[in-house]
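I opened my notebook today with a new structure on the screen. Here is what I looked up, entry by entry.

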Amino acid sequence: KDQKAVSLILCFSLWFFSGDREAIKRIAYEFVEDKAKEGVIYVEVRYSPHFLANTEVDPIPWNQKEGDVSPDEVVHLVNEGLSEGERAFNIKARSILCCMRHMPSWSMDVVKLCKKYRKEGVVAIDLAGDESLNCEAYPDHKNAYEEAVLCEIHRTVHAGEVGPASVVKEAVDVLKAERVGHGYNTLEDQDLYKRLLAQDMHFEVCPISSKLTGACDPDFTKHPVITFRKDKANYSLNTDDPLIFNSNLHLDYNTAHKYMGFTEEEFKRLNIKSAESCFLPEKEKKELLQRLYEAYGMIQSTAF
């Protein structure tokens with residue numbers, strides 16, 4: 001009941017908030033409230049600032065008329081909402097800005113926003129969308145990630161959810177991803193999988209989402225995360241698009257317990273690995289880990 005969790009949540013902006021300043025800020029605030037109710041003490045939420053804008057973005061998404069909310073202002077509003085939620089609900093919330101594979105022209109804008117707001121709540125860059133659109137054909141994504149590396153901006157990439165293991169390899173070797181969003185199909189390439197295990201690569205796993213999107217076998221007893229668990233991989237359990245899928249972190253955890261053999265000790269282990277792999281500065285990361293050790297009644301020197 002009182003277990004503390006770390007969520008590196010994979011969720012995105014919704015079109016019906018686009019261009020609405022009040023709604024953008026409010027949904028960010030209410031998101032933090034929802035996570036607090038789920039027992040989360042630290043969360044990283046991701047979204048595409050361009051999908052919520054209606055000016056200074058080409059093309060303007062969702063067939064909107066041009067307005068006056070830019071991607072830059074979207075990030076500012078989300079930061080405000082998350083910050084107010086932090087103070088109100090006593091948890092920590094940070095954000096990750098998404099590049100979209102089908103819109104390579106946005107990617108350099110995204111990395112610029114990551115640089116501008118890195119001290120105001122933005123902790124990383126992400127790449128999401130159709131995994132068949134690789135970086136060889138769309139070099140703007142590679143250029144943005146090269147800039148992120150140069151500027152020491154943290155990096156995660158959606159890869160291996162529905163695409164083959166080669167997409168994961170590209171994410172790690174070309175884009176220099178520090179974490180992999182989903183990554184289920186990494187198991188198709190055992191050499192790659194063993195290499196990433198040895199590197200302690202972090203996989204952001206979303207059980208409920210993977211069933212609803214058709215990314216994995218609908219039989220949860222055959223889910224790739226069971227292999228991750230058995231191999232003591234570095235991964236987290238997260239909720240993907242909670243409003244769209246009508247899900248929450250409790251449902252993902254309950255599913256892992258009921259169908260995948262997860263124990264309380266494994267939940268503790270994966271939450272510690274999540275905290276170790278989060279994109280907070282080192283001082284804040286150590287403080288987060290200490291909160292978990294205390295909540296779990298563990299001594300740091302003997303932790304997993």
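Entry 1, words first. Before naming any loop I noted that helices, with at least four residues, and strands, with at least two, are DSSP runs numbered from the N terminus. With that in hand, I placed K176 in the loop between helix 5 and strand 6. I also wrote at the top of the page that this is a predicted model.

Entry 2, the whole chain. I counted twelve helices and eight strands in the protein chain. Its C-alpha trace spans about 55 × 45 × 35 Å along the principal axes. I then checked the radius of gyration: the chain has 18 Å, which agrees with the value near 19 Å for a compact globule of 304 residues. Buried residues make up 56% of the 304. I looked at contacts between residues at least 6 apart in sequence, and 71% of them join residues at least 24 apart.

Entry 3, surface and charge. The accessible surface comes to about 13,500 Å², and 50% of that belongs to carbon and sulfur atoms. I found 38 positive and 50 negative charges, with their mean positions 5 Å apart.

Entry 4, K176 again. Most residues other than glycine have a negative phi, and most peptide bonds are trans. K176 caught my eye with a positive phi of about 60°, although it is not a glycine. Is K176 buried, partly exposed or exposed? Its relative accessible area is 44%, so I put it down as partly exposed.

Entry 5, two more backbone notes. H182 also has a positive phi, near 80°, and is not a glycine. I found H182 in strand 6, and its relative accessible area of 0% makes it buried. Next I looked for a cis peptide bond and noted one that joins D58 and P59, with omega about 0°. P59 lies in the loop between strand 2 (40-47) and helix 2.

Entry 6, aromatic rings. How many aromatic pairs does the structure hold? I noted ten. Y29 and F89 form a tilted pair, 5.3 Å centre to centre with 55° between the planes. Y29 sits in helix 1 (residues 21-37) and F89 in helix 2 (residues 71-89), so this pair ties together parts that are 60 residues apart in sequence. Y29 is partly exposed at 28% relative accessibility, and F89 is partly exposed at 24%. I turned next to F228 and Y235, a tilted pair at 6.4 Å centre to centre and 45° between the planes. F228 is buried, with a relative accessible area of 0%, and Y235 is buried at 0% too. Both of these rings belong to a cluster that ring pairs link together, with Y193, F203, Y253, F262 and F267 also in it.

Entry 7, helix 5. Which residues of helix 5 (residues 165-173) are buried? I listed A165, V167, V168, E170, A171 and V172. Their cover includes strand 5 (154-159), strand 6 (179-182) and helix 6 (190-198).

Entry 8, S210. I found S210 in helix 7 (residues 207-212). Its relative accessible area is 0%, so S210 counts as buried. Which residues does S210 touch, leaving out those up to four places away in sequence? My list reads Y184, A215, C216 and H223.

Methods:
Residues are numbered from 1 along each chain as its sequence is written. This is a predicted model: local features need pLDDT of at least 70, side-chain atom pairs count only at pLDDT 80 or more; totals for chains, interfaces and linings use all residues. Side-chain values use heavy atoms; hydrogens and water are left out. The radius of gyration is taken over C-alpha atoms; the globule rule is 2.2 Å times the number of residues to the power 0.38. Buried means under 20% relative accessible area, exposed over 50%, partly exposed in between (1.4 Å probe, protein chains only). Contact means heavy atoms within 4.5 Å. Accessible areas come from the Shrake-Rupley method with a 1.4 Å probe; for residues, only the protein chains shown count as cover. Lys and Arg count as positive and Asp and Glu as negative; His and the chain ends are not counted. The place of a charge is taken as NZ of Lys, CZ of Arg, CG of Asp or CD of Glu. Rings of Phe, Tyr and Trp (its six-membered ring) pair if their centres lie within 6.5 Å; planes under 30 degrees apart count as stacked, over 60 as edge-to-face and the rest as tilted.
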